[in-house]
Amino acid sequence: MAQAAHRTHDDLPSLDGRAVEVAYRRERARRRARVAHRTETRRSHLRFWVVLTVLAFISAFALLLVWELTQTIFGV
């Protein structure tokens with residue numbers, strides 16, 4: 001049968017106000033870092049799709065321009 005663990009004075013959580021404040025500050029910094037990382041990830045996805053769309057339009061424009069020049073030069 002399992003026995004209950006006896007808590008000693010060393011096992012009790014620290015009631016030091018400064019330690020609590022430092023822990024809160026650290027958790028807030030971690031939360032801000034997570035939010036900043038999520039925001040930057042979203043922005044990078046958006047930048048990728050914008051650049052891809054712009055490159056697709058430039059490629060289509062260049063293809064049409066070359067096609068028209070080819071027809072003009074060879075009289076097709």
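1. Arg-42 has a relative accessible area of 57% in this predicted model, and because anything over 50% is called exposed, Arg-42 counts as exposed. Its place along the chain is in helix H1.

2. Arg-42 also belongs to a group, since a patch of positive charge on the surface gathers Arg-28, Arg-31, Arg-32, Arg-34, Arg-38 and Arg-42. When you look at the structure, it may help to pick out these arginines together, with Arg-42 in helix H1 as a starting point.

3. A surface patch of another kind, a nonpolar one, is formed by Leu-46, Val-50, Val-51, Val-54, Leu-55 and Ile-58, and together these residues have about 550 Å² of accessible area. One of them, Val-50, lies in helix H1, which covers residues 17-74. Val-50 is described as partly exposed because its relative accessible area is 46%, a value in between the 20% under which a residue is buried and the 50% over which it is exposed.

4. How many aromatic pairs does a search of the whole structure find? The search finds 1, and this pair is made by Phe-48 and Trp-49, whose ring centres are 5.1 Å apart and whose planes stand at 75 degrees. The arrangement is called edge-to-face, because the label applies to planes over 60 degrees apart.

5. The two partners of this pair fall into separate accessibility classes: Phe-48, at 48% relative accessibility, counts as partly exposed, whereas Trp-49, with a relative accessible area of 52%, is exposed. A careful reader will keep in mind that the boundary for the exposed class is set at 50%.

Key:
Residues numbered from 1 in each chain as written. Predicted model: local features only at pLDDT ≥ 70, side-chain atom pairs only at ≥ 80, totals over all residues. Heavy atoms only, no water. Phe/Tyr/Trp six-rings, centres within 6.5 Å; stacked < 30°, edge-to-face > 60°. Buried < 20%, exposed > 50% of the residue type's maximum accessible area, 1.4 Å probe, protein only. Patch = residues over 30% accessible without salt bridge, like charges linked within 9 Å, V, L, I, M, F, W, Y side chains within 5 Å. Areas by Shrake-Rupley, 256 points an atom, 1.4 Å probe, with all protein chains shown as cover. Salt bridge = Lys/Arg side-chain N within 4 Å of Asp/Glu carboxyl O. Helix = DSSP H or I, 4+ residues; strand = E, 2+ residues; numbered from the N terminus. Lys, Arg positive; Asp, Glu negative; His and termini not counted. Charge placed at Lys NZ, Arg CZ, Asp CG, Glu CD.
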